[in-house]
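Trainee: Please show me how cavities, interfaces, pockets and backbone geometry are to be read in a model such as this one.

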Amino acid sequence: MEDLTAGAAPPASGIDPGRIELYRLMARLRAFEKRAYDLFLQNLVKGTSHLGLGQEAIAAAYGVAMRADDYTFCTYRGHDHTLARGVPMAPVMAELLGREGGLMGGKGGSMHLTSVAHGMMGSYAIVGAHLPIAAGAAWSAQVRGSGQVAVCFFGDGATNIGAFHEALNLAAVWRLPVVFVCENNLYMEYTPIEAVTAVKHPAADRASAYGLESILVDGNDADAMLDVARSTIGRARDGEGPSLVEAVTYRHGGHSRADPAKYRPESEVQEWFARDPVLLYRTALEAAGAPTELFTAIEADADREVDEATEIATASPRPSVSIIDRDVWSDGGSAWRN
Amino acid sequence: MTEKNLVTAIRDTLHDEMAADDRIVLIGQDVGARGGVFKVSEGFMTEFGEQRVVDAPLAESGIVGVAIGMALHGLLPIAEIEFADFIHPAFDQILSEASRMRYRTNGDWGCPLVIRAPCGGGIHGALYHSQSIEAFYSHIPGVKVVMPSTPADAAGLLHTAIADPDPVLFLEHKKCYRLIKGDVPDAPQTTPIGLADVKREGTDLTVVSYGYELHRCLDAAARLEEDEGIHAEVVDVRTLAPLDMETILASVRKTARAMVVYEDNRTYGAGAEIAATIAERAMFDLDAPIVRIGGPDIPAMPFAAALEHYYMEPEPDHIFVGMRDLAHF
């Protein structure tokens with residue numbers, strides 16, 4: 001995994017380098033998603049996409065806290081989680097554009113980013129389907145004694161599907177090294193989650209059903225997220241079993257590119273924009289003594305990285321149709337007969 | 001060689017494979033302390049430990065999902081679904097996840113998973129313990145579907161399925177479990193997945209079948225030869241996906257008459273795929289229309305003996321009669 005702390009500007013003295021690293025990662029995610037949105041507006045990205053703008057602190061905090069060989073499982077809103085594992089921007093951008101140089105050669109697109117080499121075990125677009133798979137990965141780590149931890153991100157909507165319950169129960173029964181992170185952005189696509197859920201906090205209020213501690217955290221508070229990420233991963237790594245975290249957050253845009261999110265009250269939107277996690281964290285770090293030049297440098301680095309990725313991605317050719325029937329079976333092909 | 005019934009062949013093979021490779025994990029409802037409802041894994045938990053023989057909650061989607069996760073990360077899981085009828089909550093995991101892992105990662109990831117499921121009717125199981133499920137899953141590229149009919153094939157195909165780097169749905173017809181006996185080689189056998197087997201040679205017509213129906217076809221073929229001097233060739237499909245059409249077509253080209261017999265609901269069943277491919281590729285070798293015998297198109301196998309019997313045999317000797325009529329066409 002690349003060293004995310006390396007940059008043009010030196011870290012400010014007296015501040016936990018992990019916090020600077022976290023800010024740098026959040027700034028990179030923010031820059032990437034803003035560019036992804038611009039590319040949509042230019043009609044360069046076909047199909048749909050789900051941006052993580054406003055939710056960066058969660059993916060970034062876990063990205064900083066995870067070990068290089070840990071496993072990430074996430075959802076179709078997974079650009080941030082993919083980049084947070086050290087996957088370079090260019091192949092992610094190229095995958096969004098459906099290009100040959102894409103992370104998956106153009107087979108997957110925005111919703112299905114996967115990079116086995118980076119422990120990024122997939123963005124899953126069937127809501128809830130990846131929770132049991134993450135539990136299985138954790139089981140494997142436990143049996144092999146590898147010390148690896150699986151971190152599984154999902155939205156608030158997933159808490160009402162059967163797979164959520166099945167996976168939480170199994171993981172708790174077998175004390176698996178897995179951390180389930182509910183990114184509660186208050187809306188299950190277009191419907192307020194509270195309108196369709198029997199409890200106020202869709203994940204945290206259910207933790208007791210699996211004998212787990214109820215963990216509710218402000219998902220826009222990067223320091224709080226880093227604490228939770230470190231403690232839950234630590235518990236899993238130390239054999240103390242799974243955790244269920246509910247991180248409350250808010251998406252800046254709609255559910256997907258097709259959604260202007262008019263169903264959200266303006267006052268609510270404004271309130272959450274004022275609590276933008278990147279802005280909040282920058283303010284907190286500045287208050288702790290981090291110099292302005294540091295942020296200027298971090299943001300310039302992020303912009304440069306995004307520019308380079310965009311250049312590489314847009315220059316990448318469209319995939320050859322010859323890949324369409326590749327890798328169906330272990331012999332690399334799709335022949336119906338062995 | 002040792003004579004065994006089909007369920008014993010499966011049990012012994014599972015046992016020997018687990019003893020030989022500690023990456024193999026058995027997971028399912030009641031597979032551990034109870035040893036499975038059909039006693040396939042009796043004693044395994046004591047012998048191999050609770051880490052390798054896992055009593056899972058009754059949650060098929062969870063069982064298969066966890067097994068996929070295990071398969072992606074260094075283990076060789078064998079998930080047992082207690083009855084094939086119960087597999088459908090896991091359909092999403094098999095269709096949406098297991099089948100696509102290799103494709104979506106351009107080969108970086110495979111899913112070496114075996115799912116065992118006892119299927120089929122004729123055992124008074126009624127609406128929810130009799131189902132044939134092979135057609136649903138054979139429609140999914142990326143998943144192999146195997147259904148052995150003899151103890152030797154069950155042993156050989158299970159050995160191969162466990163070694164296969166791709167997901168395999170291993171279907172075991174419950175009526176064959178104790179009814180069908182045969183010699184099984186004592187050393188591990190590798191029976192290729194995707195290869196059909198001519199179980200009886202003949203020259204007058206080709207009968208393609210699998211599962212319990214295969215044995216009824218073999219019985220009918222023996223009687224046909226004895227009573228009428230008609231020589232039917234019986235092809236055991238063994239693997240439904242990938243389907244070995246070459247063996248089937250070679251037989252059809254020899255006999256010029258083709259019939260497909262299967263227990264599953266007739267419409268959109270495996271027989272449709274087999275018959276269509278014969279028509280596409282061997283139409284001008286045929287002397288008679290292809291005959292397709294499948295189960296009735298009703299939602300489930302009913303309970304009462306008369307009803308169940310009708311499902312399995314709507315007319316007296318319907319397979320025998322169908323074969324004779326085709327030979328005389």
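Trainee: How many nonpolar, polar and charged residues does the lining of the largest cavity have?

Mentor: A cavity is a set of points, on a 1 Å grid over the protein atoms alone, where a 1.4 Å probe fits but cannot get out, and lining residues have an atom within 4 Å of a point. For classes, Ala, Val, Leu, Ile, Met, Phe, Trp, Tyr, Cys and Pro count as nonpolar, Asp, Glu, Lys and Arg as charged, and the others, Gly among them, as polar. Here the lining has 3 residues of each class: nonpolar, polar and charged. This is a predicted model, in which local features need pLDDT of at least 70 and side-chain atom pairs pLDDT 80 or more, while totals for chains, interfaces and linings use all residues. Residues are numbered from 1 along each chain as its sequence is written, chains are lettered from A and ligands numbered from 1 in the order written, and side-chain values use heavy atoms, without hydrogens or water.

Trainee: Which residues line the largest cavity, and what is its volume?

Mentor: A volume is the space filled by probe spheres set on the grid points, which are joined across faces, edges and corners. The largest cavity has about 40 Å³, and the whole structure holds 1 cavity of 30 Å³ or more. Its lining consists of B:Ser132, B:Glu134, B:Met147, B:His173, B:Tyr210, B:Gly211, B:Tyr212, B:Glu213 and B:Glu263. Helix α9 of chain B, residues 211-228, gives the most, with 3 residues; helices (H or I, at least four residues) and strands (E, at least two) are DSSP runs numbered from the N terminus.

Trainee: What volume does the largest pocket have, and which helix gives the most to its lining?

Mentor: A pocket is an open set of points with protein on both sides within 12 Å along at least five of seven lines. The largest has a volume of about 530 Å³. Of its 24 lining residues, B:Ala135, B:Phe136, B:Tyr268, B:Gly269 and B:Ala270 lie nearest the centre. α11(B) gives the most, 4 residues, and the lining comprises 14 nonpolar, 8 polar and 2 charged residues.

Trainee: How much area do chain B and chain A bury between them?

Mentor: The size of an interface is often given as the accessible area lost when the parts come together. Chain B and chain A bury about 3,600 Å² (1.4 Å probe, summed over both), 62% of it on carbon and sulfur atoms. In chain B, B:His73, B:Tyr103 and B:Arg104 lose the most area to chain A, together 21% of what that side buries. Contact (heavy atoms within 4.5 Å) joins 50 residues of chain B to 39 residues of chain A.

Trainee: How many salt bridges does the rule find across this interface?

Mentor: A salt bridge needs a side-chain nitrogen of Lys or Arg within 4 Å of a carboxyl oxygen of Asp or Glu. Across this interface the rule finds 0.

Trainee: Which peptide bond is cis?

Mentor: The bond from B:Ala241 to B:Pro242 is cis, with omega near -5 degrees. B:Pro242 lies in the loop between β12 (239-241) and α10 of chain B. As a further backbone feature, B:Lys39 has phi near 65 degrees, a positive value in a residue other than glycine. B:Lys39 is in the loop between β2 and α2 (44-48) of chain B.

Notes: Buried area = accessible area lost by both parts, 1.4 Å probe.
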